[in-house]
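Hi,

Here is the structure I promised to pass on. Have a look at it first, and then read on for what turned up.

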Amino acid sequence: MARRFRALTLDHLDQLPAGCSGCVFWESSEMSERRCGARCDAEAQAAWYRRVTAEWGDCGRVAVEDDVILGFVKYAPSGYFPQAQTFLAAPLDPNVPLISCLHLAPEARNLGLGTVLLRAALKDLTQRGEKKVESFALAQRPETFQEAPMPGIEFLLRNGFTVARPDPLYPLLQLELRSLVTWAENLEAVLESLKLPVRAPERVPTPW
């Protein structure tokens with residue numbers, strides 16, 4: 001069972017979990033309920049993906065095991081995520097990449113995959129010459145992470161992010177990429193070494 005990182009492609013969109021497949025929460029400009037799947041439109045999602053990849057490049061990473069998605073992270077300059085401007089701690093620079101969401105399969109959570117997947121995204125952004133990256137954080141633990149459209153604040157803080165614009169519910173966090181050590185680590189080797197449970201035939205990934 002080979003595990004690999006891959007760029008998030010158009011072919012992956014219909015393999016995402018029910019709350020993410022067709023979800024255009026971040027891509028919509030009208031203020032929405034802060035919930036995955038609050039707005040869904042598969043055609044609009046695919047059109048957004050085509051536009052971003054044509055204008056900016058790859059907008060995410062997936063971790064796969066034998067072509068089954070273990071988890072994924074999506075990112076692009078915040079100007080491509082109109083929903084970001086409806087938050088009180090909205091980004092000030094639309095050109096800075098924003099990590100919009102990071103989701104893992106239920107059986108893969110709390111085993112290190114989220115951190116390795118985040119590192120894969122940061123490595124990609126660093127190699128593309130980006131200087132910093134931002135992400136909204138969920139400051140209060142929800143009843144379930146299945147509907148959270150952004151990572152939890154504890155996760156981001158553990159991975160070096162700091163608060164750039166405070167908010168009691170959804171602060172904006174930031175990480176200076178130039179402060180990171182050289183990316184010499186073989187992340188796919190780390191991915192392979194994770195002691196993840198045997199993959200079930202069917203699964204639905206949930207947010208980190």
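Before the details, one term: two residues are in contact when they have heavy atoms within 4.5 Å of each other. Please also keep in mind that this is a predicted model.

**Overall picture**

The protein has four helices and eight strands. Following the sequence, they come in the order β-α-β-β-β-α-β-α-β-β-α-β. Of the 208 residues in the protein, 52% are buried. If you take the contacts between residues at least 6 apart in sequence, 70% of them join residues at least 24 apart.

**Strand β7 and its partners**

I would start with β7, which covers residues 172–176. This strand is mostly covered, as four of its five residues are buried.

Which strands pair with β7? One is β5 (residues 132–136), which runs antiparallel to β7 and is joined to it by five bridges. In that pairing, Phe136 sits opposite Leu172. Another is β6 (residues 162–165), again in the antiparallel sense, with three bridges. Here Thr162 faces Gln174 of β7, while Val163 has Leu173 as its bridge partner. The link from β6 to β7 is a hairpin of six residues.

Leu172 deserves a closer look. This residue belongs to β7 and has a relative accessibility of 1%; buried means under 20%, so Leu172 counts as buried. What does Leu172 contact, leaving aside neighbours within four places in sequence? The list is Ala89, Ala90, Pro91, Leu98, Glu134, Ser135, Phe136, Thr162, Val163, Ala164 and Arg165. Phe136, the residue opposite Leu172, is thus one of its contacts as well. For a distance to check, the C-alpha atoms of Leu172 and Ala139 are 10.0 Å apart, with their positions 33 residues apart in sequence.

**Helix α2**

Next comes α2, residues 113–127. Is this helix enclosed or open? Eleven of its 15 residues are buried, so α2 is largely enclosed by the rest of the structure. The buried ones are Leu113, Gly114, Thr115, Val116, Leu117, Leu118, Ala120, Ala121, Leu122, Asp124 and Leu125.

The length of α2 also works out. With 1.5 Å a residue, its 15 residues should span 21 Å, and the end C-alpha atoms are indeed 21 Å apart, so the two values agree. If you try the sum yourself, remember that the expected span is 1.5 Å times one less than the number of residues. After the helix comes Gly129, which has a positive phi near 90°.

Thr115 is one residue of α2 to pick out. Its relative accessibility is 18%, which is under the 20% limit, so Thr115 counts as buried. Apart from residues up to four places away in sequence, Thr115 touches Phe155 and Asn159.

In the loop between β4 and α2 you will find Glu107. Glu107 has a relative accessible area of 26% and is partly exposed. The C-alpha atoms of Glu107 and Leu70 are separated by 8.9 Å, although the two residues are 37 residues apart along the chain.

**Cavities**

Since you may want to look at enclosed space, here is that part too. The structure holds two cavities of 30 Å³ or more. The largest contains about 170 Å³ of space.

What lines the largest cavity? The lining has 18 residues, and those nearest the centre are Cys20, Cys23, Gln45, Lys74 and Cys101. By type, the lining divides into 13 nonpolar, three polar and two charged residues. At least two lining residues come from each of α1 (42–55), β3 (68–77) and β4 (97–104). Of the elements, α1 gives the most, with three residues.

**Where to look first**

If you have only a few minutes, I suggest opening the model at Leu172 in β7 and then moving to the largest cavity, where Cys20 and Cys23 are among the residues nearest the centre.

Best wishes

Methods:
Residues are numbered from 1 along each chain as its sequence is written. This is a predicted model: local features need pLDDT of at least 70, side-chain atom pairs count only at pLDDT 80 or more; totals for chains, interfaces and linings use all residues. Side-chain values use heavy atoms; hydrogens and water are left out. Two strands pair if DSSP finds at least two bridges between them. On a 1 Å grid over the protein atoms alone, a cavity is a set of points where a 1.4 Å probe fits but cannot get out, and a pocket is an open set with protein on both sides within 12 Å along at least five of seven lines; lining residues have an atom within 4 Å of a point. Grid points are joined across faces, edges and corners, and a volume is the space filled by probe spheres set on the points. Ala, Val, Leu, Ile, Met, Phe, Trp, Tyr, Cys and Pro count as nonpolar, Asp, Glu, Lys and Arg as charged, and the others, Gly among them, as polar. Buried means under 20% relative accessible area, exposed over 50%, partly exposed in between (1.4 Å probe, protein chains only).
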